[in-house]
Amino acid sequence: MTTTGPRLEELNAGNLDAALGIRVRPDQEHAVSPVVKSLAEAYVHPGVAWPRLIVDGDRPVGFLMAFLDIDWYEDGSVLRSGLWRLNIAAGEQGKGYGRFAVESVAEELRRHGTKQLYVTWHPGPDGPEGFYLGLGFRPNGETSEGQTVGVLGLA
């Protein structure tokens, strides 16, 4: 039986190739790293990275990776959790999968007792700022590696 509607799957040997096959539109490639880089980062940050394949029915439509309690300033002063990476396949954009991904991460963070969900995005007219602002994220005045830092309250 095939399940319909989007869901998250943990990465495993059976869906690895599907995850690696997720490609954003060419005009978005500068704004988000490919899945293979995310998986390498997840490998070297176990316990912090939370990678998931987004599947609708039996069709892979995207990839997300959250971060859990990352040492934001690398000095132990601030731990943050949020959305590290979001890749929606080029032909699957505009169908609600991005919103589903953010809501899924928010749900997971609430289970961990987290009160705020952080994300970063490339500024500019061709970046995802409008998407994140539309979901309720607000810039907090910070930047991280040249990207805008946004936060969404989870109360």
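This briefing describes a sheet, two helices that pack on it, and one buried residue. The model is predicted: local features need pLDDT of at least 70, side-chain atom pairs count only at pLDDT 80 or more, and totals for chains, interfaces and linings use all residues. Residues are numbered from 1 along each chain as its sequence is written, and side-chain values use heavy atoms, with hydrogens and water left out.

**The sheet**
- Seven strands form an open sheet with mixed pairing, in the order β1-β2-β3-β4-β5-β7-β6.
- β1 (6–10) and β6 (138–144) each have a single partner strand and stand at the edges, so one side of each lacks a neighbour in the sheet.
- Neighbouring strands are turned by 30° against each other on average, direction ignored.
- β1 pairs with β2 (residues 49–56) in the antiparallel sense over five bridges, and Arg7 stands opposite Val55 in β2.
- Helices (H or I, at least four residues) and strands (E, at least two) are DSSP runs numbered from the N terminus; two strands pair if DSSP finds at least two bridges between them.

**The helices**
- Helix α2 (residues 35–44) packs on the sheet, touching β2, β3 (59–71) and β4 (79–88), and its direction makes about 35° with that of β3.
- Helix α3 (residues 97–111) lies across β1, β2, β3, β4 and β5 (116–121), at about 155° to β4.
- Axes are lines fitted to C-alpha atoms, for helices over the stretch in contact, and angles run from 0 to 180 degrees between N-to-C directions.

**Val105**
- Val105 lies in helix α3 and counts as buried at 1% relative accessibility (under 20% relative accessible area is buried, over 50% exposed, in between partly exposed; 1.4 Å probe, protein chains only).
- Leaving aside neighbours within four places in sequence, Val105 is in contact with Trp50, Leu64, Ala66, Gly82, Leu83 and Leu117 (heavy atoms within 4.5 Å).
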